[in-house]
Amino acid sequence: MHKVGNLTGPGLTDRFGIGGTDLGVLTTAPDGRLVAVLGDTFERPGVGGPGWRSPVVLFADPASVRTGLTWTGSTGPRDYAEQALPYQHDSIIHGVRVSTVIPTDVITIGGTVYLHVMVCEGIGNVHWTEVHRSTDNGATWTHTGTTWPGDHHDGLFQMLTWARGADGYVYAFSTGFQRDRGLILQRVPADRITEPEAWQGWGFRDGAWAWGNPPTVALTGAHGELCLRPVEDRWLLSFFDAGNYRIDVLELDHPTSNLHEARRTTLLRGTSWEDENHATGHVAQLYAPYLVPGSTLDELHLVVSQWNTERNWPYRVMQFAGGLPRRDA
């Protein structure tokens, strides 16, 4: 993969009050715009300082995917991207301290956009997760009342990605927010996404895999942010492979395919800051590889985050593109 360009930072998102930010998971809104949900955001380049909010929503023109996403607007009555959810950072909520609320994935079902978030006290410590909805193309959001405790499924239902299949189910892979865990798979009818009791696990019991069992780890390893999307005739699952310091994608015939046997392609490789080469896909402190709507197997676009945790800059979102090797006919 090669770098298409930076998407956030000085000269790019100043009018939205965004200097430093990360994530940027995407869906196509009912009105056709792209909705990108960003994580911890600050007015100055880097981490910290004024204007801390999360999540933040930006809108992009879908026609700009090939040349680099062009931001057309944000949440809030002015250009300034307001925090999408009503809470205060570093406050007490339901008896626990909440430092921030971090988005994991968005999905559009009919005329509604759903957002899954982690309610956190620091990085890696998730109190609970919850779902919010927007019925105005991502402009405003309301809590659905749907929550799961942070230790749900042994803590493997924190960082989530979901996508809808042609069979009417939403399939969701998830893991912990510690970047040291495997993946589990669940499904839920698309019209019952906010009903925790409707979610079914994909689990191995009595010598066979089946729906309705407690979910079994479907892929071992140390995983970070995830993104599942149908692309052409298959499903793609991109993820930060924290154990191997790289971004990979799996090609699946179906979410229930054997993940250990699926074809895996390394898209970007982690490297030191001194050895970076974005033109050849070598990126320092990379994470959060989100597939961009409109991607094809020949022209796959990824939104990727980068954070220099020692200097706190760069702390930004970038776009990369490349093609997947074609499978033999």
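**From threonine 75 to the largest pocket**

Threonine 75 sits in the loop that runs between strand E5 (71-74) and strand E6 (91-93). The model is a predicted one. Threonine 75 counts as buried because its relative accessibility is 3%, and the cut-off for buried is under 20%. Its side chain comes within reach of a backbone oxygen, that of glutamate 82, at 2.9 Å. Leaving out residues up to four places away in sequence, threonine 75 touches Val57, Phe59, Tyr80, Ala81, Glu82, Gly138 and Ala139.

Serine 74 belongs to strand E5. Serine 74 has a relative accessible area of 12% and is therefore buried. A polar atom of the serine 74 side chain lies 2.7 Å from the backbone oxygen of aspartate 79. When neighbours within four places in sequence are set aside, the contacts of serine 74 are Phe16, Val57, Leu58, Phe59, Asp79, Tyr80 and Ala81. Val57 and Phe59 thus appear among the contacts of serine 74 and among those of threonine 75.

Strand E5 leads on to a sheet. Strand E4 (residues 56-60) pairs with E5 through three bridges, in the antiparallel sense. One position in this pairing is phenylalanine 59, whose bridge partner in E5 is glycine 73. The two strands are part of an open sheet of four strands, ordered E2-E3-E4-E5 and paired antiparallel. Strand E2 (23-28) and E5 form the edges, each pairing on one side only. From one strand to the next, the twist averages 30 degrees.

Further along the chain there is another open sheet of four strands, with the order E8-E9-E10-E11 and antiparallel pairing. Its edge strands are E8 and strand E11 (142-149), each of which pairs on one side only. Neighbouring strands here are turned against each other by 25 degrees on average, direction ignored. Within this sheet, E9 and strand E10 (residues 126-134) run antiparallel and are joined by eight bridges. Valine 113 has serine 134 in E10 as its bridge partner.

Next comes strand E13 (residues 169-175), which is mostly covered, with six of its seven residues buried. Strand E12 (residues 159-164) runs antiparallel to E13, and six bridges join them. Tryptophan 162 stands opposite alanine 172 of E13 in this pairing. E12 and E13 make a hairpin with four residues between them, and in its turn glycine 168 has a positive phi of about 90 degrees. E13 is also joined by six bridges to strand E14 (residues 181-189), again antiparallel. There alanine 172 stands opposite glutamine 186 in E14. The hairpin of E13 and E14 has five residues between the strands, and arginine 179 takes a positive phi near 60 degrees in it.

Arginine 179 also leads to the largest pocket. Which residues lie closest to the centre of this pocket? Of the 28 residues that line the largest pocket, these are Asp22, Ile123, Arg179, Tyr287 and Trp307. The largest pocket holds about 470 Å³ of space. At least two lining residues each come from strand E8 (100-109), strand E9 (112-120) and strand E22 (286-291). E8 gives the largest share of the lining, four residues. E8, which is an edge strand of its sheet, thus also contributes to the wall of the largest pocket.

Key:
Residues numbered from 1 in each chain as written. Predicted model: local features only at pLDDT ≥ 70, side-chain atom pairs only at ≥ 80, totals over all residues. Heavy atoms only, no water. Buried < 20%, exposed > 50% of the residue type's maximum accessible area, 1.4 Å probe, protein only. Polar contact = N/O pair within 3.5 Å; in protein donor to acceptor, adjacent residues only side chain to side chain. Contact = heavy atoms within 4.5 Å. Pairing = 2+ DSSP bridges. Axes fitted to C-alpha atoms, helices over the stretch in contact; angles between N-to-C directions. 1 Å grid on protein atoms, 1.4 Å probe; cavity = no way out; pocket = protein on both sides within 12 Å on 5 of 7 lines; lining within 4 Å. Points joined across faces, edges and corners; volume = space filled by probe spheres on them.
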